[in-house]
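Please open the structure in your viewer and keep the selection tool at hand, since this tour moves from one selection to the next.

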Amino acid sequence: MSKGGAVAGLTERAGDRLFRYGVLCAGLAVVGLAAALALELASGSRLAWSEFGPAFLWSSSWNPVSERFGALPFLYGTLVSSALALAIAGPLGVGSAIFLAELAPRRISDACCFFIEILAAVPSVVLGLMGIFILVPGVRAVSPFLIEHLGFLPFFRGTPYGVGMLTAGLILSIMILPYITSISREVLLSVPRPLKEAALALGATRWETVRLVSLPYARSGILGAVFLALGRALGETMAVTMVIGNSPRISASLFDPAYTMAAVLANELAEATSDLHLHALMAIAGTLFMLTLGMNALARWMILGTPTARRRP
Amino acid sequence: MGNKILGLALMCAMTLQAPAAVRAGDVLTLNGAGATFPYPIYSKWFDEFRTVRPDVQINYQSIGSGGGIRQITERTVDFGATDGPMTDKLLFKVDGKLHHIPTVLGAVVPVYNIAGTPDLQLTGGLLADIYLGKVKRWDDPAVRKVNPEAKLPEVPITVIRRSDGSGTTFCFVDYLSKVSPEFEKTVGRGTAVNWPVGLGGKGNEGVAGLVKQTPNALGYVELIYAEQNGLSHAAVQNAEGKFVKGSVAGVTAAAAGSAKNMPKDYRVSITNAPGAESYPISTFTWLLVYEKNSGTKGKVLNEFLRWMLDSGQKLAPGLGYAPLPPAVAASVQKTVTTIR
């Protein structure tokens with residue numbers, strides 16, 4: 001009230017007031033929507049929480065017949081597949097962004113970026129089909145080699161079915177790559193030219209300029225891109241369901257089938273007849289909601305903690 | 001205000017009049033929801049029924065049996081549909097008399113992908129042991145014993161099953177639970193179960209796709225999906241000891257075999273049915289209809305169901321579904337007359 005009114009003079013025009021309340025309503029609606037979602041998830045899952053308590057989160061049985069439910073295998077699958085995707089797409093995305101922003105001629109860079117952004121628009125079910133027809137046979141063909149040479153690690157043991165955690169991680173990395181690349185490129189392009197020129201004038205090589213000037217300056221933006229990508233990976237449903245094998249078991253091997261929280265919701269919600277089953281699924285949804293919320297909070301905290309963010313007004 | 005009251009009165013008058021003569025342009029809409037497995041035949045029926053009654057529009061959402069049961073229990077739809085009969089516990093929550101009306105039958109077949117596609121025979125006990133993870137390889141003595149002639153690979157079996165809750169799974173595990181006490185104890189019956197082994201595919205098409213792609217895989221799908229995808233399916237030993245391949249005729253035989261012991265409410269499992277020709281992994285699929293319905297809806301439902309049991313049944317085999325055996329259809333006709 002006070003600030004806007006003071007600037008505009010003593011009286012606020014009707015149009016201004018209308019605009020202000022309109023925008024206020026829109027803003028409140030967003031908050032209200034999130035609150036309503038949280039409330040609905042809480043009330044829809046109360047049976048599961050009262051039956052299993054917090055142990056729901058670390059219990060690993062999921063048996064709709066005997067009605068014993070626990071979220072751990074899904075929590076594990078979601079976190080590991082997303083981490084795998086970030087491990088693959090993170091360096092690849094930032095690396096390609098550095099190339100596109102710093103090394104490639106502007107015209108080529110723009111053209112590449114156009115195609116990368118198209119990749120982000122591919123529907124996930126299409127990517128899932130591509131996963132089934134290309135990635136799954138590919139992983140099945142490569143895994144015996146990995147088992148033979150890297151089999152001393154627990155991640156590379158077991159039977160190569162083709163579908164499983166590794167394939168899910170790969171498909172997720174393809175899905176999140178465009179986010180990391182195109183945002184990171186944009187951020188790197190916004191690094192002030194004089195800064196880079198100063199570094200070059202001091203005799204820094206191209207690599208040193210990127211490492212000591214561009215990357216530190218763009219760090220908060222790149223972190224933001226990575227967390228946006230992580231958010232997408234955590235919630236991705238269709239493509240993952242199609243290639244992960246959907247088995248609620250925890251296994252160190254990346255070749256074994258696994259399950260994610262989003263996938264179990266897509267699979268079982270339609271046919272859940274008993275109340276407890278339905279409430280357990282809602283509890284999974286609530287857990288996923290809290291996880292993404294936590295990740296976002298962490299991202300905020302990390303981005304605010306970077307020096308560039310503090311420097312900016 | 002006055003206009004509203006007038007409108008309301010007019011509407012009341014129209015509803016009272018409606019059964020006698022539906023005016024041209026007035027379309028009565030019925031909404032249903034439920035099972036996905038019979039969706040192709042249901043949409044064909046609802047389409048064809050319009051030629052009989054152009055003034056009736058039936059909408060059907062294939063949201064899954066679980067959703068169908070929930071919605072008809074809350075009366076948010078005019079009829080539901082399910083692949084597995086409702087349990088007593090679920091029926092207890094229903095307010096009013098809800099009928100299970102069997103419509104058609106389907107079969108679940110074990111499909112496999114073995115190089116050279118040898119003819120494969122399976123007993124119920126063997127199938128249960130494979131899905132329990134006890135029989136792990138194609139060259140296991142238990143597999144060899146029922147397939148002395150077949151050339152089987154010396155590799156592990158890649159077991160594939162549904163990951164989503166489904167009536168297909170219910171029918172399959174219902175059969176395995178009947179033939180293997182151990183399966184009943186460790187896995188049990190349900191639209192979604194806790195599988196000890198295997199990879200999960202989403203939907204019939206997901207399982208068919210995985211089996212087609214994975215060498216040495218074994219999975220289970222609805223008969224029609226096996227045929228559409230050109231997957232070879234195994235013959236399964238029935239209650240009389242004969243090995244029968246899944247087919248429309250085998251399913252109708254199974255239904256006829258269990259028609260004698262048909263309970264009054266039609267909530268019956270026909271897996272492992274008696275009869276030499278019976279295919280053992282078969283199931284009815286049901287519409288869920290209240291005995292008393294509001295307004296003219298009951299009358300229209302009644303008319304549709306009688307049409308479905310007569311002309312509708314002839315459309316079933318063309319789409320891969322088995323029609324009801326005549327004895328069952330006759331008995332269902334009698335039940336349908338009570339719906340109003």
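The stops below go from one chain to the place where two chains meet.

This is a predicted model, in which local features need pLDDT of at least 70 and side-chain atom pairs count only at pLDDT 80 or more, while totals for chains, interfaces and linings use all residues. Residues are numbered from 1 along each chain as its sequence is written, chains are lettered from A and ligands numbered from 1 in the order in which they are written, and side-chain values use heavy atoms, with hydrogens and water left out.

Select chain A, whose C-alpha atoms fill a box of roughly 65 × 60 × 30 Å along the principal axes. Its secondary structure comes to 13 helices and 2 strands, where helices (H or I, at least four residues) and strands (E, at least two) are DSSP runs numbered from the N terminus. Of the 313 residues of chain A, 43% count as buried, that is, under 20% relative accessible area with a 1.4 Å probe, protein chains only.

Now add chain B, of which 34 residues are in contact with 31 residues of chain A, contact meaning heavy atoms within 4.5 Å.

Next, zoom in on Asp275(A) and Lys93(B), whose side chains meet in a salt bridge at 3.4 Å, N to O; the term means a side-chain nitrogen of Lys or Arg within 4 Å of a carboxyl oxygen of Asp or Glu. Across this interface the rule finds 1 salt bridge.

Finally, colour helix 3 (65-73) of chain B, one of the elements that each supply at least two residues of the side touching chain A; with 5 residues, helix 3 of chain B gives the largest share of that side.

Technical notes: Buried < 20%, exposed > 50% of the residue type's maximum accessible area, 1.4 Å probe, protein only.
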